[in-house]
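Here's a quick briefing on how a few helices pack together and what the cysteines are up to. Have a look at the model first, then read on.

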Amino acid sequence: MATTKVSATILGAGEPSHTYDAIVIGSGISGGWAAKELCEQGLQTLVLERGGHIEHIEDYPTAHKEAWDLPLFGEMSAEFRAANPVLSRCYAVNQATAHHFVKDAEHPYQQRKPFDWIRGYQVGGKSLMWARWVQRWSDFDFESNARNGVGVDWPIRYQDLAPWYSYVEKFAGISGNRDGLPQIPDGEFLPPMEMNAVEKHFKQSIESQFPNRHLVMSRTANLSQPHKGRGPCMYRARCARGCPFTGYFSSNGVTLPAAAATGNLTMRPHSVVHSIIYDEQKQRATGVRVIDAETKAVTEYFARIIFVNASTLNTTLILKNSTSERFPNGLGNDSGVLGHYLMDHNYRARASAEVEGLEDRYYYGRRPTGTYLPRFRNIFDDKQDQYIGGFSYSVGAYRAQGNVDEGDAPLGAEFKHKMSEVGPWRINMTGMGEFLPRFDNKVTLSKDQTDAWGMPLLNMDCDYSDNEHHMTRDIRDSAAEMLEKAGYKNIQTVDSEQAPGLAIHEMGTARMGRDPKTSMLNGHNQLHAVPNVFVTDGACMTSSACQNPSLTYMALTARAAHYAVDQLNKRNL
């Protein structure tokens with residue numbers, strides 16, 4: 001195994017100035033929530049972020065640029081794509097957003113099997129560029145592993161998390177309907193954004209012809225009205241550039257300012273966490289060892305509790321790199337499951353169609369969300385023989401740009417005129433399939449290669465199974481059937497065959513569970529073996545469900561932070 005020899009500079013009298021009540025590693029969606037909750041409960045909290053600082057509003061250089069203000073009208077150059085083959089496959093990367101994403105060569109990793117690892121290293125992390133779709137999980141999801149006999153059972157159920165879903169929704173600002181569907185429980189919503197004419201037609205078609213299938217507006221972390229001094233959303237669909245109106249939820253615009261307002265927050269960017277320090281006699285973690293990303297100087301910081309929110313795979317890297325005589329295979333890794341059971345979502349299957357009619361209808365602005373068709377497979381009375389688990393769809397209809405027919409001239413005044421008109425309606429469906437937890441899908445530390453800061457590279461070894469392959473076929477076939485029943489034309493379906501990772505929903509590798517022999521974390525996200533260390537980002541996930549996972553990370557984090565402070569007050573930590 002690669003060994004990274006570091007030595008700390010903090011000794012004796014210097015230690016008090018580097019001591020806090022709590023340390024949070026990472027400032028993305030879950031790290032921001034940990035910082036807010038711990039600071040608001042009176043804890044002096046240090047947040048360590050490996051990337052640079054991003055000041056809300058001031059550091060969004062492309063927020064107001066139009067396409068003609070950007071090189072190549074926003075498209076990435078051939079040189080950029082050649083230098084960044086992994087990053088270039090991400091749908092959100094363009095000239096207006098590329099500065100928020102990690103470039104391939106800057107932070108390399110190893111791939112035993114193809115895995116597209118999309119990252120954002122800056123204050124706020126990927127909360128600046130996330131998709132913002134936030135359906136709650138239900139007991140269908142928290143009971144799925146036990147019901148299907150895969151992985152291990154979650155140590156919590158929906159009722160344990162329901163009040164914390166409400167807690168974070170009220171603060172974050174979530175637009176959506178109360179649809180009354182048990183697979184995506186209702187929450188605390190601002191008014192929903194509106195379906196367009198074709199989406200309303202598709203909803204009526206689905207719900208009249210397919211029992212237990214419903215098309216709803218996605219619950220989304222964009223503000224449909226002003227909320228706690230923020231927003232509303234301006235319907236520009238430029239969220240991934242950073243929003244000067246704070247019209248969507250990000251750590252930079254929402255949780256980190258709340259944490260800073262308490263006076264208890266210390267933010268330290270450019271801090272690559274090398275490892276967590278474990279005291280063999282106290283049987284507790286006492287702090288973290290940090291490499292300055294710019295100077296490579298090594299420092300140690302100390303605290304009574306540590307929240308690890310570095311994003312799924314970097315959290316696991318830190319835990320694996322935190323070795324000691326007590327934990328030779330990584331901090332808290334008595335079970336041997338650290339790094340295993342890696343999951344993503346299966347986004348391979350898509351469908352599209354042309355829609356005739358409704359040409360006198362249009363819509364307002366660039367709505368930053370879409371409609372959502374929740375899971376209908378392997379729940380209620382449905383039982384599939386070829387696979388277990390379920391899938392959902394994101395659905396969106398739009399008017400094509402330009403009203404140009406095949407026989408029209410490709411230039412001239414008539415062509416220019418037709419390009420100024422809106423084109424026919426089209427509709428797209430993208431499946432989001434459940435990805436089963438399997439021991440063989442894993443990340444390990446490179447034995448012989450390190451990055452520029454001396455940290456061992458991560459080696460990805462993850463692939464789909466027959467279960468995901470069978471589900472992919474059903475996602476395509478079911479989409480085509482619904483589009484055909486709606487009367488739409490020229491239906492096309494595709495399997496992108498994209499590698500795991502590109503959904504940017506990596507989960508697992510330090511899972512929660514009831515038994516310390518088969519899991520890393522208990523029902524409050526504590527390491528079973530090191531109770532003053534909490535993991536509340538995607539690494540903690542025990543299954544993947546088929547809803548976007550970020551809202552669940554937020555709720556788990558708020559719940560764990562309040563539990564940690566309660567335990568501190570009771571002197572149990």
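A quick bit of vocabulary before the helices: an angle under 35 degrees counts as roughly parallel, while 65 to 115 counts as roughly perpendicular. Keep in mind that this is a predicted model. Helix α11, residues 550-569, packs against α1, and its axis also comes within 8 Å of that of α5.

**α1 against α11**

- Helix α1 covers residues 29-40, and its axis sits 9 Å from that of α11, at an angle of about 30°.
- With the cut-off at 35 degrees, α1 and α11 are therefore roughly parallel to each other.
- As for handedness, α1 and α11 make a right-handed crossing.
- On the α1 side, the contact uses I29, S30, W33, A34, E37 and L38.
- On the α11 side, the contact residues are S550, Y553, M554, T557, A558, A561, H562 and V565.
- Sorted by class, this α1 and α11 contact has nine nonpolar, four polar and one charged residues.

**α5 against α11**

- Helix α5 spans residues 158-172, and its axis crosses that of α11 at roughly 105°.
- That angle makes α5 roughly perpendicular to α11.
- α5 brings D160, L161, W164, Y165, Y167, V168 and E169 to the contact.
- Those residues meet L551, T552, M554, A555, L556, A558, R559 and H562 of α11.
- Sorted by class, the α5 and α11 contact has 10 nonpolar, two polar and three charged residues.

**A closer look at E169**

- E169 is part of helix α5, and at 1% relative accessibility it counts as buried.
- Leaving out residues up to four places away in sequence, E169 touches R136, I174, G187, E188, F189 and L551.
- One of those partners, G187, is 18 residues from E169 along the chain, and the two C-alpha atoms are separated by 7.3 Å.

**Cysteines**

- How many disulfides does the model have? The count comes to zero.
- C90 is in no disulfide, and the nearest cysteine sulfur, in C239, is 14 Å away.
- C90 is also buried, with a relative accessible area of 5%.
- Why is C462 unbonded to C540? The closest cysteine sulfur to that of C462 is the one in C540, but at 17 Å it's too far for a bond, because a disulfide needs the two sulfur atoms within 2.5 Å.
- C462 is buried too, at 1% relative accessible area.

Conventions
Residues numbered from 1 in each chain as written. Predicted model: local features only at pLDDT ≥ 70, side-chain atom pairs only at ≥ 80, totals over all residues. Heavy atoms only, no water. Buried < 20%, exposed > 50% of the residue type's maximum accessible area, 1.4 Å probe, protein only. Axes fitted to C-alpha atoms, helices over the stretch in contact; angles between N-to-C directions. Helix = DSSP H or I, 4+ residues; strand = E, 2+ residues; numbered from the N terminus. Parallel < 35°, antiparallel > 145°, perpendicular 65-115°, else oblique. Left-handed = near helix turned anticlockwise from the far one by under 90°. Contact = heavy atoms within 4.5 Å. Nonpolar A, V, L, I, M, F, W, Y, C, P; charged D, E, K, R; others polar.
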